[in-house]
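Colleague: I would like a close look at one part of this model. Please start there, then work outwards.

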Amino acid sequence: MPNLQETLDLNSYVALGDSFTEGLNDPGTDGAFAGWADRLAGLLADGRPPGDFRYANLAVRGRLLDQVMAEQVPEVRRIQPDLVTFCAGGNDILRPGSDPDEVAERFEAAVVQLADAAGTVLICTGFDTRGVPLFKHLRGKIATYNGHMRAVADRHGCKVADLWSLRAVQDRRAWSEDRLHLSPEGHQRVALLAARSLGLRTAQDPEAPWPSAPALSAAEQRREDLQWAREFLLPWVGRRLRGESSGDHVEAKRPELLPL
């Protein structure tokens, strides 16, 4: 962890990625989703004069790495912010037959462009899926991809928010009902981790213990699993089989660098 400071010499921030960075399932006050990137921007802007910090979020749900590179990376070259967060490739890794080594090569090509256009680049590793029934068989692929991303960060001087080691998100309450996207508190934990990875001192600890909660019985867990499969898993699988994306016809929620 870098030495922590009260403020950072960053005046502009652009977030790139997919649904994770768009902030799905973290309702914002304006009707759009908020999410960890919006929350990070708020932490970075805290204590500054109004309008002194500018922020754009180009992330769109469902985007694959090549789409992020084609649609979002060129905007960073145009804007040239002080900070860019780049969290992409997860949707590629989830695809059957995907090769994490090949995805990592394309990820690095994007990082090269971003490092040349932004003052600081922060990337996020993938989550540890050992407790996620739908994705636990992908744990090895995700770990391989994470290893590549850390090496890419070392080669190009990027900051890393290590989501794999974030123990707080192993709690079920860090995830929303669909078990695919973070809950509001999960997004807050990631925002705090990202802020500390940049060197910003935060009053809250991303690994703060969760309040105690009663455990579900085996029968309650089965009922919850069946309801989740009907409401979320089957529709998600159906979209994938039809080649559809949840991001079809969705545009970036904050496409321009504007004051907070």
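Why are E75 and R78 separated by about one helical turn?

Modeller: Bear in mind that this is a predicted model. E75 and R78 both sit in helix α4 (residues 73–79), and because they are three residues apart there, about one helical turn lies between them. The two form a salt bridge, with the closest N and O atoms 2.6 Å apart. Neither counts as buried or as exposed: E75 is partly exposed, at a relative accessible area of 25%, and R78 is partly exposed too, at 48%. Side chains of opposite charge can pair when their charged atoms come close.

This pair is one item in a longer list. The whole structure holds 17 salt bridges. R106 takes part in two that are worth a look. Its side chain meets that of E102 at 2.6 Å, N to O. R106 and E102 are four residues apart in helix α6, so about one helical turn separates them. E102 has 34% relative accessibility, so it counts as partly exposed. R106 also meets D66, at 2.8 Å, N to O. That second pair links distant parts of the chain, since R106 lies in helix α6 and D66 lies in helix α3 (residues 65–71), 40 residues away. D66 is partly exposed as well, at 43% relative accessibility. With D92 added, D66, E102 and R106 make up a network of salt bridges.

Helix α6 leads to the sheet. The helix spans residues 100–117 and lies across β1, β3 and β4. Its direction makes about 175 degrees with that of β3. Helix α8 packs on the sheet too, touching β3, β4 and β5. The angle between α8 and β5 is about 155 degrees.

Now the sheet. Its six strands are ordered β5-β4-β3-β1-β2-β6, and the sheet is open with mixed pairing. β5 and β6 (254–259) stand at the edges with a single partner strand each, so one side of each has no neighbour in the sheet. On average, neighbouring strands are turned by 15 degrees against each other, direction ignored. Strands of a sheet pair through backbone hydrogen bonds, either parallel or antiparallel.

Look at strand β4 next. β4 covers residues 120–124, and four of its five residues are buried. On one hand β4 pairs with β3 (residues 83–87), in the parallel sense, over four bridges. There T85 has L122 of β4 as its bridge partner. β4 also pairs in the parallel sense with β5 (residues 159–161), over three bridges. In that pairing L122 stands opposite K159 of β5. From β4 the chain passes through helix α7 (residues 139–156) to reach β5, and this β-α-β crossover is right-handed.

Elsewhere in the sheet, β1 runs parallel to β2 (residues 54–57), and four bridges join them. Y13 has Y55 as its bridge partner in β2.

Y13 also belongs to the interior. In soluble globular proteins, nonpolar side chains tend to be buried together. The largest nonpolar core here has 34 residues, and Y13, F20, W36 and L44 have the most contacts inside it. At least two core residues come from each of β1 (12–17), α2 (36–45), β3, β4 and α8 (184–198). F20 shows how far the contacts reach along the chain. Leaving aside neighbours within four places in sequence, F20 touches W36, C87, C124, F127, L163, L182, H187 and V190. Another core lies apart from this one, with 32 residues, among them V73, F86, F135 and M149.

Compare F33, in the loop between α1 (19–22) and α2. At 26% relative accessibility, F33 counts as partly exposed, because buried means under 20%. Beyond neighbours within four places, its contacts include E22, G23, L24, P27, R61 and K253. For scale, the C-alpha atoms of F33 and A218 are separated by 33 Å, with their positions 185 residues apart along the chain.

Methods: Residues are numbered from 1 along each chain as its sequence is written. This is a predicted model: local features need pLDDT of at least 70, side-chain atom pairs count only at pLDDT 80 or more; totals for chains, interfaces and linings use all residues. Side-chain values use heavy atoms; hydrogens and water are left out. Buried means under 20% relative accessible area, exposed over 50%, partly exposed in between (1.4 Å probe, protein chains only). Two strands pair if DSSP finds at least two bridges between them. A crossover is right-handed if, with the strands pointing away from the viewer, the path from the first strand over the helix to the second runs clockwise. A nonpolar core is a set of buried Ala, Val, Leu, Ile, Met, Phe, Trp, Tyr and Cys residues joined through side-chain atoms within 4.5 Å. Contact means heavy atoms within 4.5 Å. Axes are lines fitted to C-alpha atoms, for helices over the stretch in contact, and angles run from 0 to 180 degrees between N-to-C directions. A salt bridge is a side-chain nitrogen of Lys or Arg within 4 Å of a carboxyl oxygen of Asp or Glu.
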